[in-house]
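Grab a coffee and open the viewer: here are some short exercises with worked solutions. Try each task on your own before you read on.

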Amino acid sequence: MAKINGNYLELQGSYLFAEIAKRRTKFMSENPGADIISLGIGDVTRPLTPAVVSSLHAGVDEMSNEKTFRGYGPEQGYDFLIETIIEHDYKARGISLEKNEVFVSDGSKCDVGNIQEIFSQDSIVAVMDPVYPVYVDSNVMAGRAGHFNPETKRYDGIVYIPTHAENQFIPSLPTQKVDLIYLCYPNNPTGMTLSKEELKKWVDYARDNKCVILYDSAYEAYIQEEDVPHSIYEVEGAKEVAIEFRSFSKTAGFTGVRCAYTVVPRELKAYDESGNAVALNDLWNRRQTTKFNGVSYITQVGAAAVYTEEGRQQIKQLVDYYMTNAKMIRDGLASLGLEVFGGVNAPYIWLKTPNGLSSWEFFDKLLTEANIVGTPGVGFGRNGEGYFRLTAFGSRENTQRALERINKLSL
Ligand code: PLP
């Protein structure tokens with residue numbers, strides 16, 4: 001008899017986006033002509049940049065010629081892309097990496113979801129609350145989260161570290177033993193960042209306690225302020241304790257193309273049952289070569305174009321476009337007296353709902369009175385209650401129109 005992985009039954013339904021869709025559909029059926037603007041989902045709307053497009057075309061041409069055709073590539077990614085990544089994303093910031101420390105993949109979601117496989121079943125996992133749900137759910141599937149408690153609205157096996165306005169969204173170090181720590185900066189959903197000094201506290205903690213930090217930096221390209229670290233490896237000693245995830249999705253509009261990379265430094269070790277140190281780089285390499293067959297050559301050629309001079313200028317314009325939206329949203333909401341966070345080094349604006357409305361009450365108000373769809377903060381965790389996420393990924397025109405509508409609301 002085939003039995004299921006019972007851990008899957010511990011997963012909570014993907015309540016957030018299902019519930020958003022349900023409420024939106026109901027509203028649309030009752031108001032058929034409504035012109036809904038979505039500032040909810042974290043997906044980009046601008047097309048690929050010209051440098052990337054012409055590089056993708058060149059890749060297709062190579063694949064259509066017998067002499068330049070390529071079949072399976074290295075599972076870890078082609079050297080031409082890895083070398084460019086190291087040169088521009090790391091060496092330029094004083095961080096040295098070897099080629100075998102960078103693993104190109106088809107997305108950070110897969111990598112942050114899969115990485116837990118190389119750690120022991122009994123690892124204790126810490127996440128921030130609110131949190132990008134993949135960190136939690138992938139550990140639920142692996143059986144590390146224990147049971148979901150409907151009263152606390154939390155898994156009893158996971159350590160949740162609250163971030164909210166009262167602690168300036170700066171998480172405190174865990175007060176109980178943990179083994180794996182997921183950090184996401186710039187943060188989804190709050191749009192907030194950590195200073196190098198704050199990040200150093202986590203690195204030092206991980207070094208002192210033999211933990212591993214899983215550092216999701218999918219929004220790194222949106223950092224605008226000088227003093228915000230772009231990579232955890234800017235902190236001394238971080239290579240001993242951290243894996244870093246980066247993605248071309250939000251950087252270069254690759255959400256539908258799919259390319260990302262993960263850095264697993266050679267120095268990074270975790271321990272076997274007898275306490276012997278084992279290089280995680282070897283384990284991740286083994287995992288990837290067994291279960292992953294590389295990103296398409298065409299995609300990698302396209303991703304490499306992001307780093308050409310022309311490519312870099314175009315990416316900057318793309319990021320500037322979204323960050324102008326972010327500033328418009330931030331300033332627009334603040335001028336109405338709302339408390340807003342994020343949106344300075346990230347494409348997410350996290351706002352405190354007015355008049356003590358719950359996240360869902362504010363969702364309904366925006367939907368019914370302004371025909372705008374956003375994301376209720378509580379969907380990202382218990383501490384997101386009373387907050388709401390808007391994204392800067394819409395078009396300029398829709399962002400402007402949404403703000404005009406919000407302006408007319410009585411808040
Ligand atoms: N990490 C975070 C924090 C995200 O918000 C997202 C996408 O929304 C991802 C990872 C997924 O990135 P990718 O498109 O590379 O899978």
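**Exercise 1: a helix and what comes after it**

Right after α11 comes N371, with a positive phi near 55 degrees. Keep in mind that you're looking at a predicted model.

Task: work out whether the end-to-end distance of α11 agrees with its 12 residues.

Solution. Start with the expected value: at 1.5 Å a residue, the 12 residues of α11 should span 16 Å. Next, check the model: the end C-alpha atoms of α11 are 16 Å apart, so the two agree.

Now look at the side chains. The buried residues of α11 are S359, W360, F362, F363, K365, L366, L367 and A370. They pack against α1, β14, β15, β16, β17 and α12. Two helices sit in that list, α1 and α12, and they are up next.

**Exercise 2: the two faces of α1**

Task: which residues of α1 are buried, and which exposed residues sit on the face turned away from them?

Solution. First, the length: α1 has 16 residues and reaches 22 Å from first C-alpha to last, close to the 22 Å expected. Second, the buried set: L16, E19, I20 and F27. Seen down the axis of α1, these buried residues fall within an arc of 105 degrees, so they line one face of the helix. The general rule behind this kind of pattern is that an α-helix has 3.6 residues a turn, so residues three or four places apart point the same way.

Third, flip the helix over: K22, T25, K26 and S29 are the exposed residues on the face turned away from the buried side of α1. Finally, the partners: the buried residues of α1 pack against α11, β15 and β16.

**Exercise 3: same drill for α12**

Task: find the buried residues of α12 and the elements they pack against.

Solution. Helix α12 covers residues 396–407, and its reach of 16 Å is close to the 16 Å expected. Its buried residues are T399, A402, L403, R405 and I406. Down the axis of α12 they fall within an arc of 160 degrees, so they line one face. E397 and N407 are the exposed residues on the face turned away from the buried side. The buried residues of α12 pack against β1, α10, α11 and β15.

**Exercise 4: buried or exposed?**

Task: decide how V102 and S120 should be classed.

Solution. Take V102 first, in strand β2. Its relative accessibility is 1%, and buried means under 20%, so V102 counts as buried. Leaving aside neighbours within four places in sequence, its contacts are Q76, I82, I85, I86, L97, Y261, T262 and V263.

Then S120, in the loop between α4 and β3. At 31% relative accessibility it lands between 20% and 50%, so S120 counts as partly exposed. S120 and R144 are 24 residues apart in sequence, with their C-alpha atoms 9.3 Å apart in space.

**Exercise 5: a pocket and its lining**

Task: which element gives the largest share of the lining of the second largest pocket?

Solution. The pocket has a volume of about 620 Å³. Its lining has 23 residues, and D89, E220, A221, T251 and I315 lie nearest the centre. The elements that give two or more residues to this lining are α3, β9 and α10. The largest share, 5 residues, comes from α10. By class, the lining has 10 nonpolar, 6 polar and 7 charged residues.

Technical notes. Residues numbered from 1 in each chain as written. Predicted model: local features only at pLDDT ≥ 70, side-chain atom pairs only at ≥ 80, totals over all residues. Heavy atoms only, no water. Helix = DSSP H or I, 4+ residues; strand = E, 2+ residues; numbered from the N terminus. Expected span 1.5 Å × (residues − 1). Buried < 20%, exposed > 50% of the residue type's maximum accessible area, 1.4 Å probe, protein only. Arc of directions from axis to C-beta. Contact = heavy atoms within 4.5 Å. 1 Å grid on protein atoms, 1.4 Å probe; cavity = no way out; pocket = protein on both sides within 12 Å on 5 of 7 lines; lining within 4 Å. Points joined across faces, edges and corners; volume = space filled by probe spheres on them. Nonpolar A, V, L, I, M, F, W, Y, C, P; charged D, E, K, R; others polar.
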